[in-house]
Amino acid sequence: MLKVGVLGAGHLGKIHLRLLNESDKYNLIGFYDADAINGKKVADEFGYTYFDNINNLIDAVDVVDIVTPTLSHFDCAEKSIKKGKHIFIEKPITNTAEEAKKLLELEKEYNVKGQVGHVERFNPAFSAVKEKINNPMFIESHRLAEFNPRGTDVPVVLDLMIHDIDAILSVVNSEVAQINASGVSVISHSPDIANARIEFENGCVANLTASRISLKNMRKSRFFQKDAYIAVDFLEKKVEVVKMKDAPEEVGDFDVVLQNAEGEKKQIYFENPEIETNNAIKDELEAFADAIENDTTPVVSLKQGAKALEVALRIIDSFKK
């Protein structure tokens, strides 16, 4: 079992603590929180060991799980890596592209592994269809949330949209060519609603919308590719896969056949991939343990986390233009 410690005992930090404590791949040593009052309260309530010194916790473990505010991600990760510890770091990887680049250099220099907490990669709906998403040419994503003060210290792009940016980058095998975006601050000092159009070098276009001032929650993405349409509902954990193939000579009574202007006939059929129930946060943490034990590349590497941040920051920069 890998000895693990958690930095940050806020809302998400407490979830990580519980799941790591339950996992048979980790031995939870304890946690550190900059707010000593909160730290002692969490220790008293749940029985986890509270460290009042961050360096003492890092020294005591093999893996550091960083669940602190984004602004402190780099400092926590740098401290951990320089002590030879593997790091799991919540998204976004860091606050700036320069910090992310430095982490990649440190990861290589100190020969440790790092994974970024882009949890939607482990969403069972996305996992069920990811292998079916093949060279998509148009993607549409909507991530809408009711207002919650937690997370408003960063623009909605870094808070919400970055989930979809990472998922899209994981299935589009092409570099980003151009980005056009707009964002509006409604209640926060940073944009609360944003729309971005990402054009890739291979011709794929992704249109993303994110909002944290909506009246209802929605997390849906649609992927359009040659002879297929794939919809993923990350919130309800449902998928819709519609495919087309050349129509048979003899059409059955219940077959759905379309004919285009050139007279070509296509048969529409539906696939229903099996969706397995899971705890995505537990799965991502345990997948990182497997990557360490088996010396393999983590599912969401620091390099991929840095790429998602780079695109997110380009979107934010597009607001200013």
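What covers the buried residues of helix H5? In this predicted model, the cover includes helix H4 (73–82), strand E5 (86–90), strand E6 (114–117) and helix H9 (302–320). These elements offer a route through the structure, beginning with the sheet.

The sheet is open and has six strands in the order E3-E2-E1-E4-E5-E6, with parallel pairing. Strand E3 (50–51) and strand E6 stand at its edges with a single partner strand each, so one side of each is left without a neighbour in the sheet. Strands of a sheet pair through backbone hydrogen bonds, either parallel or antiparallel. Six bridges connect strand E1 (residues 2–7) with strand E2 (residues 26–32) in the parallel sense, and Val4 has Leu28 of E2 as its bridge partner. Helix H4 packs on the sheet, where it touches E1, strand E4 (63–66) and E5, and its direction makes about 170° with that of E5. Helix H8 (residues 280–294) lies across E1, E2, E4, E5 and E6, and runs at about 155° to E5.

Helix H1 (residues 11–22) also belongs to this part of the description. Its twelve residues reach 17 Å from the first C-alpha to the last, close to the 16 Å expected at 1.5 Å a residue. Gly13, His16, Leu17, Leu19 and Leu20 are buried in H1. Among the elements that cover these buried residues are E1, E2, helix H2 (36–46), E4, E5 and H8.

At the E6 edge, E5 and E6 pair in the parallel sense over four bridges, with Gly114 of E6 as the bridge partner of Ile87. The chain crosses from E5 through H5 to E6, and this β-α-β crossover is right-handed. In a regular strand the side chains alternate between the two faces of the sheet. Both faces of E6 are covered: Gly114 and Val116 are buried on one side, and Gln115 and Gly117 are buried on the other.

The path from E5 to H5 contains a cis peptide bond, which joins Lys91 and Pro92 with omega at about -10°. Pro92 lies in the loop between E5 and H5. Helix H5 itself (residues 97–109) has 13 residues and reaches 19 Å from its first C-alpha to its last, close to the 18 Å expected at 1.5 Å a residue. Its buried residues are Ala100, Leu103, Leu106 and Glu107. Viewed down the axis of H5, these buried residues fall within an arc of 120°, so they line one face of the helix. An α-helix has 3.6 residues a turn, so residues three or four places apart point the same way. The face of H5 turned away from the buried side carries the exposed residues Glu98, Lys101, Lys108 and Glu109. Just after H5, Asn111 takes a positive phi of about 55°.

Helix H9, part of the cover over H5, has 19 residues and reaches 27 Å from its first C-alpha to its last, close to the 27 Å expected at 1.5 Å a residue. The buried residues of H9 include Leu302, Gly305, Ala306, Leu309, Ala312, Ile316 and Phe319. Their cover includes E5, H5 and E6, together with helix H7 (156–169), strand E8 (176–184) and strand E9 (193–200). In the loop between H8 and H9 is Asp295, which has a positive phi of about 55° although it is not a glycine. At 60% relative accessibility, Asp295 counts as exposed.

The loop between H7 and E8 contains Ser170, a partly exposed residue with a relative accessible area of 23%. Leaving aside residues up to four places away in sequence, Ser170 touches Arg121, Phe126 and Lys130. The C-alpha atoms of Ser170 and Asp317 are separated by 22 Å, the two residues being 147 residues apart along the chain.

Two further residues complete the account. Glu140 has its place in strand E7 (residues 138–144) and is partly exposed, with a relative accessible area of 23%. Its contacts, not counting residues up to four places away in sequence, are Asn207, Lys220, Ser221 and Arg222. Asp227 is found in the loop between strand E11 (218–225) and strand E12 (228–233). The phi of Asp227 is near 65°, a positive value in a residue other than glycine, and Asp227 is partly exposed, with a relative accessible area of 24%.

Methods
Residues are numbered from 1 along each chain as its sequence is written. This is a predicted model: local features need pLDDT of at least 70, side-chain atom pairs count only at pLDDT 80 or more; totals for chains, interfaces and linings use all residues. Side-chain values use heavy atoms; hydrogens and water are left out. Helices (H or I, at least four residues) and strands (E, at least two) are DSSP runs, numbered from the N terminus. The expected span of a helix is 1.5 Å times one less than its number of residues. Buried means under 20% relative accessible area, exposed over 50%, partly exposed in between (1.4 Å probe, protein chains only). The arc is that of the directions from the helix axis to the C-beta atoms. Contact means heavy atoms within 4.5 Å. Two strands pair if DSSP finds at least two bridges between them. Axes are lines fitted to C-alpha atoms, for helices over the stretch in contact, and angles run from 0 to 180 degrees between N-to-C directions. A crossover is right-handed if, with the strands pointing away from the viewer, the path from the first strand over the helix to the second runs clockwise.
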